[in-house]
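Please look over the sequence and the structure below before reading on. The text then goes through salt bridges, one helix and the nonpolar cores.

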Amino acid sequence: MNWIDKLNAVEACLETNEDIEQDFYIKQSGASRHLIAKLQVDFPWVAEDYIRFLELTNGADIAQCRFVECERLGSSLEMYGETYPTERWLPFGFEAGGDPLLLHKSGKVALGKGKSNSEEFQYLADSFSSFLSDVIMGQRYASIFRIPQDEHAAFYAEAIGEDPWLAFLVEQEWLKLT
């Protein structure tokens with residue numbers, strides 16, 4: 001199931017699953033063509049899957065991550081642009097602790113360090129699509145918390161009773177407990 005199908009599935013469950021409401025909000029209208037065109041001029045390397053996300057929803061809060069609205073990307077650039085040069089990085093959001101979510105010109109998604117003065121980061125996914133489908137709404141969910149891959153199972157076992165989003169991912173069979 002791709003990320004668009006997963007977003008639609010989550011939206012369909014919101015009325016019957018109050019526990020995930022606090023972990024999921026997407027704007028119902030996408031970014032304007034004008035804003036997307038400006039973004040593509042400023043960042044000609046920006047990935048098509050990220051553009052598609054902006055076309056569908058111009059900003060979101062999903063599972064501990066805030067995806068910044070297209071018209072507010074400037075504030076992210078001001079905040080992180082010196083540490084993460086815009087020739088290589090587009091800070092498109094941040095996780096609950098305030099660390100920036102970054103789209104690299106290669107198309108990969110990384111998690112930076114918000115209080116860092118150097119270009120420190122950890123790759124989370126090879127594409128924006130994979131970030132949404134496999135990390136935010138999938139098997140590698142623990143990565144957003146900087147949990148090493150070999151410790152995901154222990155993290156899930158401990159967090160399952162306290163994290164409604166994790167429980168939802170398991171219920172949907174998008175994340176399998178091992």
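With a relative accessible area of 27%, Arg146 counts as partly exposed. This value, like the others here, comes from a predicted model. The side chain of Arg146 forms a salt bridge with that of Asp99, at 3.1 Å from N to O. Asp99 sits in the loop between β4 (89-95) and β5 (100-104), and Arg146 in the loop between α5 (128-136) and α6, so the bridge ties together parts that are 47 residues apart in sequence. Asp99 has a relative accessible area of 18%; because buried means under 20%, Asp99 is classed as buried.

The structure holds 8 salt bridges. Another of them joins Arg52 to Glu55, whose closest N and O atoms are 3.5 Å apart. Both residues belong to helix α3 (residues 48-56), where a spacing of 3 residues separates them by about one helical turn. Arg52 is partly exposed, at 36% relative accessibility, and Glu55 is also partly exposed, at 36%.

Asp134 and Arg140 meet through their side chains in a salt bridge of 3.8 Å, N to O. Asp134 is partly exposed at 29% relative accessibility, and Arg140 is partly exposed with a relative accessible area of 22%. Elsewhere, Lys27, Glu69 and Arg72 are joined into one network by salt bridges that share partners.

Next comes helix α6. Within α6 (residues 152-159), the buried residues are His152, Phe155, Tyr156 and Ala159. Viewed down the axis of α6, these buried residues fall within an arc of 95°, so they line one face of the helix. What do the buried residues of α6 pack against? Their packing partner is α7 (164-171). On the face of α6 turned away from the buried side are the exposed residues Ala154, Ala157 and Glu158.

The nonpolar cores complete the picture. The largest nonpolar core has 54 residues, and the members that touch the most others are Tyr50, Ile62, Phe67, Phe92, Phe131, Met137 and Trp165. Which residues does Met137 contact, leaving aside its neighbours within four places in sequence? Met137 is in contact with Trp3, Lys6, Leu7 and Val10, and also with Leu132, Trp165, Leu169 and Trp174. Trp165 is thus named twice: as a contact of Met137 and among the core members with the most contacts to other members. A second core, separate from the largest, has 5 residues, including Tyr80, Tyr84, Leu102 and Ala110.

Methods. Residues numbered from 1 in each chain as written. Predicted model: local features only at pLDDT ≥ 70, side-chain atom pairs only at ≥ 80, totals over all residues. Heavy atoms only, no water. Buried < 20%, exposed > 50% of the residue type's maximum accessible area, 1.4 Å probe, protein only. Helix = DSSP H or I, 4+ residues; strand = E, 2+ residues; numbered from the N terminus. Arc of directions from axis to C-beta. Contact = heavy atoms within 4.5 Å. Core = buried A, V, L, I, M, F, W, Y, C linked by side-chain atoms within 4.5 Å. Salt bridge = Lys/Arg side-chain N within 4 Å of Asp/Glu carboxyl O.
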